[in-house]
Amino acid sequence: MAGPEEQQQQRVEEEKAENIEDAELAFQGINMLLNNGFKESDELFRRYRTQSPLMSFGASFVSFLNAMMTFEEEKMQMACDDLRTTEKLCESDNTGVIETIRNKIKKSMDSQRSGMAVVDRLQRQIIVADCQVYLAVLSFVKQELSAYIKGGWILRKAWKMYNKCYSDISQLQEACRRRSSSQQGELTSDQANHNTPVAECSGGVTEEALGRLKGSVSFGYGLFHLCISMVPPHLLKIVNLLGFPGDRHQGLASLAYASESKDMKAPLATLALLWYHTVVQPFFALDGSDSRAGLMEAKAILQKKAVIYPNSSLFIFFRGRVQRLECQINSALASFHDALEFASDQREIQHVCLYEIGWCSMIEMNFEDAYKAFERLKNESRWSQCYYAYLTGVCQGASGDLEGAKAIFKDVHKLFKRKNNQIEQFAFKRAERMRKVSATQELCILGVVEVLYLWKALPNCSSSKLQLMSQVLQGLDDPSCQGLKHLLLGAIQKCLGNIKDAIQSYQMAARDEMGRQTNSYVQPYSYYELGCVLLAKPETLSKGRSLLLQAKENYAGYDFENRLHVRIHSALASLKDVVPQ
């Protein structure tokens, strides 16, 4: 039970909060979250969640963020419950405008009340649309057909709300600008030199409030465009049926606008841009095959925000991502370790940092540090213990501890729970094969190089490490993995700039029939890689395009099919920009 001093301090804090607009309070809560005050941010939002839709949304967003960083079932259910509670609050007639923190203070002038009613209505509609999007995302994570259908219809509702709000706010802003221009013309030069009141539009809505609302809706509007633009091509027909557009450039422009606004979601828009430039774009090979595309934008954002978030574990994490993509692996490791330390109270962020430490260690072929990071994730994380167990096993075997690796590969079988999850299916099949063929250190290194390739991490490796990997792979003579070996050798040669050798290796991988049963993805991926190399020269461009279409249309039912389809779709789209079809 709180003592008299603590109760007094709480009353003082509540009185301070009462004298702040809820938009400002929500902005403070998000900044608190990003400056490692996870617990304090959660407490602030939950304290006022019943009094303000914005504060309720803040509490629900923190809950959603925790769910998306862990994928733990109970946290995902809690996030769903919180988001639905926020929706009900926004749609309820009982919590009228007077009940928000802001409106408890400002209720003097009729015009102000009218303006606030407009702002409040738009704000609630945007929040409901945001909640719909997050509920759809939580639905998609289940990776079940019924969840996709349900999520699709939820998104349809959200999209209509975003479009309507975006249009309404833009019209109000235009009316405001016209009114402001006419008033400006009436000002005398003497008046123009003095401070004037905040510009108001008809109905008492201020330009400042509209600017914040435009930032608020731009976050969801932009994120929506960005995500739909990355949907696997074979689902695009369904997406178009639902009436969704997918303009990546519009998405990035809207997020950039939101990030510079005074809305509570401005810092979140900044994180979304960093996520796109450092995670999504290089992973899916968007905007061409260069994994370093977008890094200049990410570095500019980080530099600009360094003063506001000097010790933010999330911003330090993204700094590590940039350093990793620039092949500065030691600097990246230092950043991820710093972020891990700053996130001492936030297990979810600790786990994403551990994951990156494991990957950077694999890139450096420091297999002992890699398996220690993945082993900790296997024991602590509830997301995919099966996948983490496989990574632990191959890294442990690559370090020379084959007995330890064998024991871990047995664990993979026990931990294989999500039968429809493609990553767990892959981990299970690979671990079973390692058990059957009696894994050697060389086969485990092959396993490490394979995941580095599939997760687009080979371009982050130094030339010396790539050459070392190449030497190990060339020594493998197991007939069942020859196709995979040549695919990986081709990828390594491409990273080293040896294009002729890369083409030869890809061609050998594409001809492999013996390993087709154990490595079903090798042939379509080989055609894709070969196609991308040939696209680089005008004289072989047509042949390259033909190989990409062959990879897309001639194969089905292989590992990571959706992943390859997104990359093929992106390569063909970038080709259309250069050579109109």
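A salt bridge, as the term is used here, is a side-chain nitrogen of Lys or Arg within 4 Å of a carboxyl oxygen of Asp or Glu. With that in place, good morning, colleagues. The structure under discussion is a predicted model, and it holds 23 salt bridges. I shall present three of these pairs, then a cavity, and finally one buried aspartate.

The pair to begin with is Arg324 and Glu356, whose side chains meet in a salt bridge at 2.7 Å, N to O. Arg324 belongs to helix H15 (residues 313–325) and Glu356 to helix H17 (residues 347–363), so this pair ties together parts that are 32 residues apart in sequence. Both Arg324 and Glu356 are buried.

Next come Arg430 and Glu450, with a salt bridge of 2.6 Å, N to O, between their side chains. Because Arg430 lies in helix H21 and Glu450 in helix H22, the pair ties together parts that are 20 residues apart in sequence. Are these two residues buried or exposed? Arg430 is buried, at a relative accessible area of 7%, and Glu450 is buried as well, at 1%.

A pair within one helix follows. Arg46 and Asp42 form a salt bridge of 3.1 Å, N to O. The two residues lie in helix H3 (residues 38–47), four residues apart, which is about one turn of the helix. Arg46 is partly exposed, with 32% relative accessible area, and Asp42 is likewise partly exposed, at 24%. Asp42 and Arg46 also belong to a network of salt bridges that includes Arg49 and Asp82.

I turn now to internal space. The whole structure contains three cavities of 30 Å³ or more, and the largest encloses about 80 Å³. Which residues line the largest cavity? Among them are Arg430 and Glu450, together with Tyr390, Arg433, Met434, Cys481 and Asn519. Helices H21 (422–437) and H22 (441–454) are the elements that give two or more residues to this lining, and H22 supplies the largest share, four residues. By character, the lining comprises six nonpolar, two polar and three charged residues.

Finally, let us consider Asp559, in the loop between helix H27 (541–553) and helix H28 (561–578). Its relative accessibility is 8%, so Asp559 counts as buried. Beyond its neighbours within four places in sequence, Asp559 is in contact with Phe426, Lys429, Ser520, Tyr521 and Tyr525. With Lys429, the side chain of Asp559 makes a polar contact of 2.8 Å. Ser520 is 39 residues from Asp559 in sequence, yet their C-alpha atoms are 6.6 Å apart.

Thank you for your attention.

Notes:
Residues numbered from 1 in each chain as written. Predicted model: local features only at pLDDT ≥ 70, side-chain atom pairs only at ≥ 80, totals over all residues. Heavy atoms only, no water. 1 Å grid on protein atoms, 1.4 Å probe; cavity = no way out; pocket = protein on both sides within 12 Å on 5 of 7 lines; lining within 4 Å. Points joined across faces, edges and corners; volume = space filled by probe spheres on them. Nonpolar A, V, L, I, M, F, W, Y, C, P; charged D, E, K, R; others polar. Buried < 20%, exposed > 50% of the residue type's maximum accessible area, 1.4 Å probe, protein only. Contact = heavy atoms within 4.5 Å. Polar contact = N/O pair within 3.5 Å; in protein donor to acceptor, adjacent residues only side chain to side chain.
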